[in-house]
Amino acid sequence: MKTKKSQRLFEQAKKIMPGGVNSPVRAFKGIGGNPLFIQSAKGASLTDVDGNKYIDYVGSWGPMILGHTHPQVLKAVQKTLKKGSSFGAPCELELLLAEEVCRAVPSIEKVRFVNSGTEAVMGAIRVARGFTGRKKIIKFDGAYHGHADYLLVKAGSGATTLGTPDSAGVPVEFTEQTAIAFWNHLASVEVLFREYPDEIAAVILEPVMGNMGVIPPKKGFLEDLISLCHQHGALVIFDEVMTGFRLSYGGAQSLYKIKPDLTTLGKIIGGGFPVGAYGGREDIMDLVAPLGPVYQAGTLSGNPVAMSAGLETLKILRKKNPYKLLEKTTQKLVKGIQQAAHSSKRNITVNQVGSMFTIFFTDQAVTNAETARQSDTAQYAHFFHYLLNQGIYLAPSQFEASFVSMAHTEKDIQKTIHASRKATIF
Ligand SMILES: *Cc1c(COP(=O)(O)O)cnc(C)c1O
């Protein structure tokens, strides 16, 4: 596969952009080699600047559940764009998307739109602190909630010590209000509530972990976690930036039939444009400015072009209800890959929920960040590059989710399974 143009652009980009990219995981550091520069995308495929075509299982890290350049979304965007791209004043599209989101996600009574998942999480945590009058939050080891200072945290040295910065430039004081618990391990949350009674404003979680690779909750874990939080007067924030409109129309919370107090959304609700949202119980959301004292604002928030892309995407998802089919297609894919590994006596663990999946190169069950970290990242890198060479684009890191979209065909799935069978790593 020739990638000369991508390589040349990457060399140029590195001279004027840190690492040549605008978001670190794009740089292929997790699997080695140079990133591809993408020229265009359509349906389930990407075409790079050298003219190579790939079956895309990244989908812009989740948003492209309909596939790329969906004609109805394009049409909606073009129509909106002609009327103006930003007003800094209310427009009806914001209301329409808000109605669509509130109807879809049962726990969201009121919603505020922002421009990214990071912003959505920052807003949700601020309003949770404003509502409870408490400072501390709990997050889970390995979960990603965007790049706010106090969320770039790694576990402290003991079970109840507070987190320490996981990035340069984050003062230790900023992470002192964040405690780390362990996924699928309720006792690790109980310990923190005992250590810091009446201090914890909220627990934030990805209801299906996606940012350490896919790690589902154990049966009953989410229910028990919610009751534990409420027992201690803390709020529960589901970060559904990835899982919202991905695992079901109402997100993970509809799939598992449970209700958090607050929810954050992003990715799919922007239909490929920069959008985030946070919402939840009305009595909590009414604290947000201008109605209440919790300040949060955005020049481009509720941008009409992004709203129309999101609205059209959600309407298509509501009408088509593709979730069962997506799950079946993804099951077929991961089964095929598992069989390929099995027939060459390789041990892999594939975690899948709906159309999200991760192939972990470990023979252990992956139930939390610690077990995920046992994976052989060099083997994943080898597998990734083998498939890439065959025109298949998986998540370029062991610790990320890959996604199946509505545009993936039976032929795409079979081609991917076939390539996996031939993969030398297997
Ligand atoms: C992607 C993601 C974010 C961050 O969203 P950005 O739009 O990249 O800021 C936050 N939380 C979760 C669960 C995500 O998957």
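Student: Why does Trp183 count as buried?

Tutor: This is a predicted model, in which local features need pLDDT of at least 70, side-chain atom pairs count only at pLDDT 80 or more, and totals for chains, interfaces and linings use all residues. Residues are numbered from 1 along each chain as its sequence is written, and side-chain values use heavy atoms, with hydrogens and water left out. Buried means under 20% relative accessible area, exposed means over 50%, and partly exposed lies in between (1.4 Å probe, protein chains only). Trp183 has 2% relative accessibility, so Trp183 counts as buried.

Student: What makes Phe140 and Trp183 an aromatic pair that is edge-to-face?

Tutor: Rings of Phe, Tyr and Trp (its six-membered ring) pair if their centres lie within 6.5 Å; planes under 30 degrees apart count as stacked, over 60 as edge-to-face and the rest as tilted. For Phe140 and Trp183 the values are 5.3 Å centre to centre and 80° between the planes, which fits edge-to-face. Phe140 is in strand β5 (residues 136-140) and Trp183 in the loop between β8 (178-181) and α6 (186-195), so the pair ties together parts 43 residues apart in sequence. Helices (H or I, at least four residues) and strands (E, at least two) are DSSP runs, numbered from the N terminus.

Student: Why is the pair of Phe140 and Phe221 edge-to-face?

Tutor: Their ring centres are 6.0 Å apart and their planes stand at 70°, so this pair is edge-to-face. Phe221 belongs to helix α7 (residues 221-231), 81 residues apart from Phe140. Phe221 has 6% relative accessibility and therefore counts as buried. Phe140, at 1%, counts as buried too.

Student: How many residues are in the largest nonpolar core, and what makes a set of residues a core?

Tutor: A nonpolar core is a set of buried Ala, Val, Leu, Ile, Met, Phe, Trp, Tyr and Cys residues joined through side-chain atoms within 4.5 Å. The largest one has 67 residues, and Phe245 and Phe383 have the most contacts inside it. Helix α10 (residues 304-320) gives the most to this core, with 8 residues. Another core, of 31 residues, lies apart from it and includes Phe140 and Trp183.

Student: How do you know that Arg129 lies over the face of Tyr150?

Tutor: A charge sits over a ring if NZ of Lys or CZ of Arg is within 6 Å of the ring centre and within 35 degrees of the ring normal. Arg129 is at 5.2 Å from the ring centre of Tyr150 and lies over its face.

Student: Is Glu400 buried or exposed?

Tutor: Glu400 has a relative accessible area of 14%, so Glu400 is buried. Its place is in the loop between β15 (392-393) and β16 (402-403). Leaving aside neighbours within four places in sequence, Glu400 is in contact (heavy atoms within 4.5 Å) with residues including Val25, Trp61 and Phe357.

Student: Which strands stand at the edges of the open sheet β1-β2-β3-β15?

Tutor: Two strands pair if DSSP finds at least two bridges between them. β1 (38-42) and β15 each have a single partner strand, so they stand at the edges, with one side of each left without a neighbour in the sheet. β1 and strand β2 (residues 45-48) pair in the antiparallel sense over 4 bridges. Ser40 stands opposite Thr47 in β2.
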